[in-house]
Amino acid sequence: MKNIFVLLFSAALLISCGGDGKKEEKQENSIKLSSKSAEPKDAKEEGVSKVYLTGNDQMRYNKTEIKVNAGDEVVLTFAHVGNMSKETMGHNFVLLKKETDVQEFGQKALEFKANDYIPENSDAIIVHTEMLGGGEKTEITFQAPEKGEYTYICTFPGHLALMKGTFIVE
Ligand SMILES: [Cu+2]
């Protein structure tokens, strides 16, 4: 019996507090704050996999593994978050076909400086971005290849050792 009174009392309290709207206001503020987070997150929507990849002045991607859904359209945003120029610390994203010899491809790419280190007429490339310098950003959209694991690299000279990752289609 006592418990019921406590319950009723707290229910009455809740009702009396509910009308002033302060609670809702507070909640809205906290949502605004949390949406300020620095880096866009990867997201999977219906039929679309959004990927946010960066390269920095320390010659690193922000992720060495990317996962997307088979059959999805992939929207990949690639940003160079460093300050160094394209000539000294350029970065790109080059997604290679499964059977590619990655080291060999990386060697070949060095011969194509005039083409931003993208081998011309290569059948090893699924898709690639342009070469970026510090502060630059680009976006590419492509159809996810068939299920499996692929390698992505940066073809700027010397970067392959550190700038390499696995692109997983599942
Ligand atoms: Cu690079």
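Good morning. The chain before you has four helices and nine strands. I should say at once that this is a predicted model. Read along the sequence, its elements follow the pattern α-α-β-β-β-β-α-β-α-β-β-β-β. The chain has 170 residues, and buried residues make up 38% of them. Consider also the contacts in the chain with a separation of 6 or more: residues 24 or more positions apart account for 71% of these.

Let us begin with the strands. For orientation, strands of a sheet pair through backbone hydrogen bonds, either parallel or antiparallel. Here, five strands form an open sheet in the order S3-S9-S8-S5-S6, and the pairing is mixed. Which strands stand at the edges? They are S3, residues 65-68, and S6, residues 125-128. Each has a single partner strand, so one side of each is left without a neighbour in the sheet. From one strand to the next, the twist averages 25°.

Within this sheet, please find S5, residues 94-96, and S8, residues 148-153; the two run antiparallel and are joined by three bridges. One example to locate on the structure is Val94, whose bridge partner in S8 is Ile153.

S8 also holds Tyr150. With a relative accessible area of 5%, Tyr150 is buried; the cut-off for that word is under 20%, so the assignment follows directly. Leaving aside neighbours within four places in sequence, Tyr150 is in contact with ten residues you can pick out in turn: Leu95, Leu96, Lys97, Lys98, Ile126, Pro145, Gly165, Thr166, Phe167 and Val169. Take Phe167 from that list: Tyr150 and Phe167 are 17 residues apart in sequence, while their C-alpha atoms are 4.9 Å apart in space.

I turn now to strand S4. S2 is joined to S4 by eight bridges, and these two strands run parallel. Leu53, for instance, has Phe78 as its bridge partner in S4. S4 is also joined to S7, by seven bridges, and here the strands run antiparallel. In that pairing, the partner of Thr77 in S7 is Glu139.

Is S4 enclosed or open to the outside? Seven of its eight residues are buried, so S4 is largely enclosed by the rest of the structure. Thr77, which is found in S4, counts as buried because its relative accessibility is 15%, and the limit is under 20%. Beyond four places in sequence, Thr77 touches Val51, Tyr52, Leu53, Lys137, Thr138 and Glu139.

This leads us to the interior. The largest nonpolar core has 24 residues, and those with the most contacts inside it are Ile66, Leu76, Phe93 and Phe167. Strands S2, S3, S4, S7, S8 and S9 each supply at least two residues of this core. The strand that gives the most is S4, with three residues. Apart from this core lies another, of nine residues, among them Leu96, Ile118, Ala124 and Leu160.

Let us look at Leu76 more closely. Not counting residues up to four places away in sequence, Leu76 touches Val51, Ile66, Phe93, Thr129, Thr138, Glu139, Ile140 and Phe142. One of these, Thr129, lies in the loop between S6 and S7. Is this loop residue buried or exposed? Thr129 has 2% relative accessibility and therefore counts as buried. On the same basis of sequence distance, Thr129 touches Leu76, Phe78, Asn92, Phe93, Thr138 and Ile140.

Finally, I come to the metal site. Which protein atoms are the donors of the copper ion? They are ND1 of His91, SG of Cys154, ND1 of His159 and SD of Met163, lying 2.1 to 2.8 Å from the ion. Along the chain, the donors follow the spacing H-x62-C-x4-H-x3-M. Two of the donor residues, Cys154 and Met163, are buried.

What of the geometry? The ideal angle for four tetrahedral donors is 109.5 degrees. Around the copper ion, the angles among the four donor atoms range from 79 to 133°. To count as tetrahedral, all angles must lie between 85 and 135 degrees, so the value of 79° rules that out. The site of the copper ion is irregular.

To close, I would ask you to keep two places in view: S4, largely enclosed by the rest of the structure, and the copper ion with its four donor atoms. Thank you for your attention.

Methods:
Residues numbered from 1 in each chain as written. Predicted model: local features only at pLDDT ≥ 70, side-chain atom pairs only at ≥ 80, totals over all residues. Heavy atoms only, no water. Pairing = 2+ DSSP bridges. Axes fitted to C-alpha atoms, helices over the stretch in contact; angles between N-to-C directions. Donors = N, O, S within 2.8 Å, 3.2 Å for Na, K, Ca; no water. Tetrahedral: all angles 85-135°; square planar, octahedral: opposite > 155°, others 65-115°. Buried < 20%, exposed > 50% of the residue type's maximum accessible area, 1.4 Å probe, protein only. Core = buried A, V, L, I, M, F, W, Y, C linked by side-chain atoms within 4.5 Å. Contact = heavy atoms within 4.5 Å.
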